[in-house]
Amino acid sequence: MPSEDIKAPGRRSLVTAAAAAVLLASVVVGYGFMTRAQSKQEVVQWTNTQTIPTVALAKLIPGGAHQTLTLPGNIQPFNRAAIFARVNGYVKSWDHDIGSSVKAGQVLATIDAPDLDQQLGQAKATLASVRANHQIASLTANRNNILLQKQIVAQQLADQTTADEKAKEAVVDANEANVRQLEAMQSFKTLAAPFDGVVTARNVELGMLINSGGGSGQAIFEVSDLHRVRIFVQVPQSFTAGLAPGMKATFEMPQYPGVQFDATVSHISKSINASSHSMQVELQADNAAGKFFGGSYCNVHFQIPTDANLVKIPSTALITGNQGMQVATLDSNNKVVLKSVKLGRDLGDSVEVITGLTPSDRIINSPPETLVTGDTVRVAGATSQVAGPVSSSSASRQ
């Protein structure tokens, strides 16, 4: 097979190929430098962005004429009486069970007291005897006084019979008092309702042995007057200044969800409990419908008068430092402005600010410790809302 001559590339072709290679290398190197510069610029921008802190805002709640204070309350009957026995004996009968409505003076139970009956019989017999003796002594004294006037008997005898008559009269008086006492004890054999109400407890059965006493043992009956009820509330010291008798309030009960009932402040103890730093307040409510029972739990809502110039902010917005109490706010350019404030009452999750803020201020919630006036910040989209009504959980910490 004949060999073919291989022709060497020309000089022009080699120059063109070299130039293309150089151009390609330049393009690759240039693109690499551009990409690196762009990445470096992005890193610088990201770093600068990260140095600007992101903060969340908390809205101020401007003060109004009143503030709602919700506290737990304890409902009790308007009147409640525990009925105890005053005589020893056995239960002869009982006439009313729990839940029964009774009138004042209506018989609840009768006690059979044979020992007391015998004592009264003996006392009456003794009284009859001393009355007879007094009658004889009185006749003798009168007779001797007549004979003394006729000078038939001596003065001494007349004086002795007169004194004996007065002594026997005193014995009669003592025995009459003893009979009256036993008769009064006889009246306690009947247990009666002290006022109109409802029997809320019965602890007797027929034939049960009854021992006299009061307060030391178990009551035989309990009667509650529920035409009105008393509501007792422990109000934290911070809120006692706005309370006064006659103030209106509302309360809710678990068994009547969504229903509010009216009550009125009737008494204020004017004494702060040293351990709980609270004051007992009594409210009263009409119970003509019979919906409220003694011992019930309720939530009472007070409308406490407040200063309309006050504002409330979250407790987490406060900054404590050498400059005193401060709050971090934002101006129109999102730059930080630290403002000194004067605080009012601590409401637990929020505080009252007396001076230093206006309702138009934008407040930073949970500000970083490194913030100073003039810093630029980025505002997050979410805001934190201060709770309006004061709950019992926050108020109880006052």
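This briefing walks through the strands, cores, rings and a few single residues of one protein chain.

Welcome to a predicted model, in which local features need pLDDT of at least 70, side-chain atom pairs count only at pLDDT 80 or more, and totals for chains, interfaces and linings use all residues. Residues are numbered from 1 along each chain as its sequence is written, and side-chain values use heavy atoms, with hydrogens and water left out. The chain contains 4 helices and 22 strands; these are DSSP runs numbered from the N terminus, helices being H or I of at least four residues and strands E of at least two.

**The chain as a whole**

- Of its 398 residues, 32% count as buried (buried is under 20% relative accessible area, exposed over 50%, and partly exposed in between, with a 1.4 Å probe and protein chains only).
- The accessible surface of the chain is about 23800 Å², and 55% of that belongs to carbon and sulfur atoms (Shrake-Rupley method with a 1.4 Å probe; for residues, only the protein chains shown count as cover).
- Among contacts between residues at least 6 apart in sequence, 76% join residues at least 24 apart (contact means heavy atoms within 4.5 Å).

**Two open sheets**

- One open sheet has 4 strands in the order β2-β15-β20-β19, with antiparallel pairing (two strands pair if DSSP finds at least two bridges between them).
- Its edge strands are β2 (61-62) and β19 (342-346), each pairing on one side only.
- In this sheet, β2 and β15 (residues 311-314) run antiparallel and are joined by 2 bridges, and Pro 62 has Val 311 of β15 as its bridge partner.
- Another open sheet of 4 strands follows the order β7-β6-β4-β9, also with antiparallel pairing.
- At its edges stand β7 (190-192) and β9 (209-210); each has a single partner strand, so one side of each is left without a neighbour in the sheet.
- Within this second sheet, β4 (residues 89-94) and β6 (residues 107-112) pair in the antiparallel sense over 4 bridges, with Ser 93 opposite Thr 110 of β6.

**Strand β10 and its partners**

- Strand β10 (residues 221-236) pairs with β3 (residues 66-83) in the antiparallel sense over 10 bridges, and Pro 77 has Val 229 of β10 as its bridge partner.
- β10 and β13 (residues 278-286) also pair in the antiparallel sense, over 9 bridges; here Gln 234 is matched with Gln 280 of β13.
- A further 4 bridges join β8 (residues 197-202) to β10, and these two run antiparallel; Val 198 has Ser 224 of β10 as its bridge partner.

**Nonpolar cores**

- In soluble globular proteins, nonpolar side chains tend to be buried together.
- The largest nonpolar core has 28 residues, and those with the most contacts inside it are Ile 231, Val 235, Phe 251, Leu 283, Val 300 and Phe 302 (such a core is a set of buried Ala, Val, Leu, Ile, Met, Phe, Trp, Tyr and Cys residues joined through side-chain atoms within 4.5 Å).
- The elements giving two or more residues to this core are β3, β10, β11 (248-252), β12 (261-272), β13 and β14 (297-305), and β10 gives the most, with 5 residues.
- Apart from this core lies another, of 27 residues, including Ile 111, Val 130, Val 179 and Val 204.
- Leaving aside neighbours within four places in sequence, the contacts of Phe 302 include Leu 69, Val 235, Val 265 and Leu 283.

**Aromatic pairs**

- The structure holds 4 aromatic pairs (rings of Phe, Tyr and Trp, the latter by its six-membered ring, pair if their centres lie within 6.5 Å; planes under 30 degrees apart count as stacked, over 60 as edge-to-face and the rest as tilted).
- One of them joins Phe 251 and Phe 292 edge-to-face, at 5.3 Å centre to centre and 65° between the planes.
- Phe 251 lies in strand β11 and Phe 292 in the loop between β13 and β14, so this pair ties together parts that are 41 residues apart in sequence.
- Phe 251 is buried at 0% relative accessible area, and Phe 292 is buried at 4%.
- Tyr 256 and Phe 261 are another edge-to-face pair, at 5.8 Å centre to centre and 75° between the planes; Tyr 256 is partly exposed at 22%, whereas Phe 261 is buried at 11%.
- Ring pairs link Phe 251, Tyr 256, Phe 261 and Phe 292 into a cluster.

**Two residues to look up**

- Met 325 lies in β17 (residues 324-330) and is partly exposed, with a relative accessible area of 27%.
- Met 325 and Leu 343 are 18 residues apart in sequence and 8.2 Å apart in space, C-alpha to C-alpha.
- Asn 365 belongs to β21 (residues 362-365) and is buried, with a relative accessible area of 14%.
- The side chain of Asn 365 makes a polar contact with that of Thr 316 at 2.5 Å (a pair of N or O atoms within 3.5 Å; within protein, one must be able to donate a hydrogen and the other to accept it, and residues adjacent in sequence count only if both atoms are side-chain atoms).
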